[in-house]
Amino acid sequence: MARFQYTVLSRSQPGLEEEYVRWYSGQHLSDVKRMPGVISAKLFRMDFQRVYDLDAPQWTLMTIYELEGDNAEEIIDSIKAASGTPAMPATETLDKSGMIQAAGHLIAEIG
């Protein structure tokens, strides 16, 4: 079986930051890690982002999942189906600023 990485950038709605982090790290991440095909997950807080002047919304969390299976898309669809609530919806946005922020975070972690 092949192994894949799946990266998710996320943020809360304004005013729900702490609730979101508690839900994400305390419930959602544990649920996803128990799904078939999910090998591991590593959660990063994106606090360094305020150093950069980005026009797009500021991401607060980055999760890197390691997946294993014959069809990564099926596993990712399962994760997406389990993501979000009406108060904390999931979106499929990964734009240029999000990629810059994710790369900057990984560089900052190494340095």
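This report describes the fold, the nonpolar cores and the setting of Thr63 in a predicted model.

Residues are numbered from 1 along each chain as its sequence is written. Local features need pLDDT of at least 70 and side-chain atom pairs count only at pLDDT 80 or more, while totals for chains, interfaces and linings use all residues; side-chain values use heavy atoms, with hydrogens and water left out.

The protein chain has 3 helices and 3 strands, arranged along the sequence as β-α-β-β-α-α. Helices (H or I, at least four residues) and strands (E, at least two) are DSSP runs, numbered from the N terminus. Of the 111 residues, 36% count as buried, that is, under 20% relative accessible area with a 1.4 Å probe, protein chains only.

A nonpolar core is a set of buried Ala, Val, Leu, Ile, Met, Phe, Trp, Tyr and Cys residues joined through side-chain atoms within 4.5 Å. In the largest one, of 16 residues, Tyr6, Tyr24, Val32, Val38, Tyr65, Leu67 and Ile79 touch the most other members. The elements below each supply at least two residues of this core.

| Element | Residues |
|---|---|
| Strand 1 | 2-10 |
| Helix 1 | 17-33 |
| Strand 2 | 38-45 |
| Helix 2 | 72-81 |
| Strand 3 | 61-69 |

Helix 1 gives the most, with 5 residues. A second, separate core of 6 residues includes Leu9, Met46, Met62 and Ile64.

Thr63 lies in strand 3 and counts as buried because its relative accessibility is 0%. Its side chain makes a polar contact with that of Tyr24 at 2.8 Å.

How values were computed. Buried < 20%, exposed > 50% of the residue type's maximum accessible area, 1.4 Å probe, protein only. Polar contact = N/O pair within 3.5 Å; in protein donor to acceptor, adjacent residues only side chain to side chain.
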